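User: Hey, can you walk me through this structure? I'd like to go one bit at a time.

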Amino acid sequence: MKLSQFKFKLPEELVALEPTAHRDECRLMVLHRKSGKIETTKQDENGKDLKDKDGNPVYLDFRNILDYFDEDDTFIFNDTKVFPARLYGTKEKTDAKIEVFLLRELNRDLRLWDVLVEPARKIRIGNKLFFEDDGPMVAEVIDNTTSRGRTLRFLYDCPHDEFKQELFALGAAPLPRYIIDRRPATPEDMELFQTIYAKNEGAVTAPATGLHFSRELLKRMEIRGINFAYITLHCGLGNFDAIEVEDLTKHKMSSEQMFVDKEACDIVNRTKESGHRVCVVGVSTARATETAVGTDGLLKEFEGWTNKFIFPPYEFGMSNALVANFYHPESPMMMIQASFGGYDNVYKCYTQAVKHGYKFGCFGDALLIVDD
């Protein structure tokens, strides 16, 4: 397919800059991918749309996801943990303000980090950056990696755990650029931009669909007898990189580290072999499980990196349900949804979402795609 086939007009006011008051209160749209049926509203026992006191339709919310699953079904979650990756420093001598976005630690003993800097044109090898007026955190640029990428060596002599604690104390929640350009990050964002089941540190953006799962919802799912399997994919910035080629076969995704252990495989494969549903939560989980699925349709243990880019036409080997947010035009996340639910079906969902004021982005509303 072509990049231009994923264009649509997204009004700026439909991009969510804040989460809902409670995690599980966003709207939920449901697509039945075989029939093409789309559900948006709650219905009474006679199948008629429920209305509020003003006569308006009552929309499905995220808590209604429970209505589409039964005992012994399994949800696969990405338990990566976001760290406060966005820092602000000043360049020596000029005092120019520099944004430093931490990507990953390269060498813990040498305090080497792979980062992005903005504005990049001001930062050259040998420059020093200061992160506190009178504090000890200083970094030296030792390499250029890409146009915006740099390798920093932090000049901070202390035990590693203390260094990480001090470094992260200077950072802010790594909200996407489309949010941070419209409002500043707050201390509360570090909690709001983290799933409640986050465990393994390493992500520089949240697996956004997982943000909708509250403790109460997970407990209700547990009571129903739904199984939980956890894999880890450390979400990078690849999903936010602009695709610059019309021919999607020529686009290369950035690599992300992932782990799938035996426990997750056992839970998922037992579910598949018994004929129950397997639902992947979010596009990061979809990419990870499609990387680790075998030709027999079963999940395999995996430890390594993936740069898998999924776009239509693509046949999923792992799951038969997917829940993910509504995303921006021409984004890899939308392409994964279109691969799973069918391009025409998903495009209709997006058209309805815009028409009816659904919210888009990491704090936006969700689309559940199921078999009939």
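User: Let's start with methionine 221. Is methionine 221 buried or exposed?

Analyst: Methionine 221 is buried, with a relative accessible area of 0%. Buried means under 20% relative accessible area, exposed means over 50%, and partly exposed is in between, using a 1.4 Å probe and protein chains only. Keep in mind that this is a predicted model, where local features need pLDDT of at least 70, side-chain atom pairs count only at pLDDT 80 or more, and totals for chains, interfaces and linings use all residues. Residues are numbered from 1 along each chain as its sequence is written, and side-chain values use heavy atoms, with hydrogens and water left out.

User: Which helix does methionine 221 lie in?

Analyst: Helix H4 is the home of methionine 221. Helices (H or I, at least four residues) and strands (E, at least two) are DSSP runs, numbered from the N terminus.

User: What separates the C-alpha atoms of methionine 221 and aspartate 241?

Analyst: A distance of 35 Å, with the two residues 20 apart along the chain.

User: Ok, and what elements help line the second largest pocket?

Analyst: That pocket has a volume of about 340 Å³ and a lining of 17 residues, with His22, Arg23, Leu192, Ile196 and Leu211 nearest its centre. Helix H3 (189–192) and helix H4 (215–224) are the elements that give two or more residues to that lining. Sorted by class, the lining of the second largest pocket has six nonpolar, six polar and five charged residues. Ala, Val, Leu, Ile, Met, Phe, Trp, Tyr, Cys and Pro count as nonpolar, Asp, Glu, Lys and Arg as charged, and the others, Gly among them, as polar.

User: How many cavities of 30 Å³ or more are there?

Analyst: One. The largest cavity has a volume of about 160 Å³, and 17 residues line it, with Ala206, Pro207, Ala208, Asn239 and Val283 nearest its centre. Its lining has ten nonpolar, six polar and one charged residues.

User: What counts as a cavity, and what counts as a pocket?

Analyst: On a 1 Å grid over the protein atoms alone, a cavity is a set of points where a 1.4 Å probe fits but cannot get out; a pocket is an open set with protein on both sides within 12 Å along at least five of seven lines, and lining residues have an atom within 4 Å of a point. Grid points are joined across faces, edges and corners, and the volume is the space filled by probe spheres set on the points.

User: Switching to strands. What order do they have in the open sheet?

Analyst: The nine strands go S2-S1-S17-S16-S14-S3-S12-S13-S15, with mixed pairing. Strand S2 (38–39) and strand S15 (302–306) are the edges, each pairing on one side only. Two strands pair if DSSP finds at least two bridges between them.

User: What does S3 pair with?

Analyst: S3 runs parallel to S12, joined by five bridges, and asparagine 78 has isoleucine 231 in S12 as its bridge partner. S3 also runs parallel to strand S14 (residues 278–281), with three bridges, and there phenylalanine 75 stands opposite cysteine 279.

User: Why is S3 called largely enclosed?

Analyst: Because five of its five residues are buried. Thr74, Ile76 and Asn78 point one way from S3, while Phe75 and Phe77 point the other way.

User: And how many aromatic pairs does the whole structure have?

Analyst: A search finds 28. Rings of Phe, Tyr and Trp (its six-membered ring) pair if their centres lie within 6.5 Å; planes under 30 degrees apart count as stacked, over 60 as edge-to-face and the rest as tilted. Phenylalanine 77 and tyrosine 230 are a stacked pair, because their ring centres are 5.6 Å apart and their planes are at 25°. This pair links distant parts of the chain, with phenylalanine 77 in strand S3 (residues 74–78) and tyrosine 230 in strand S12 (residues 227–233), 153 residues apart.

User: How accessible is tyrosine 230?

Analyst: Tyrosine 230 is partly exposed at 30%, whereas phenylalanine 77 is buried at 0%.
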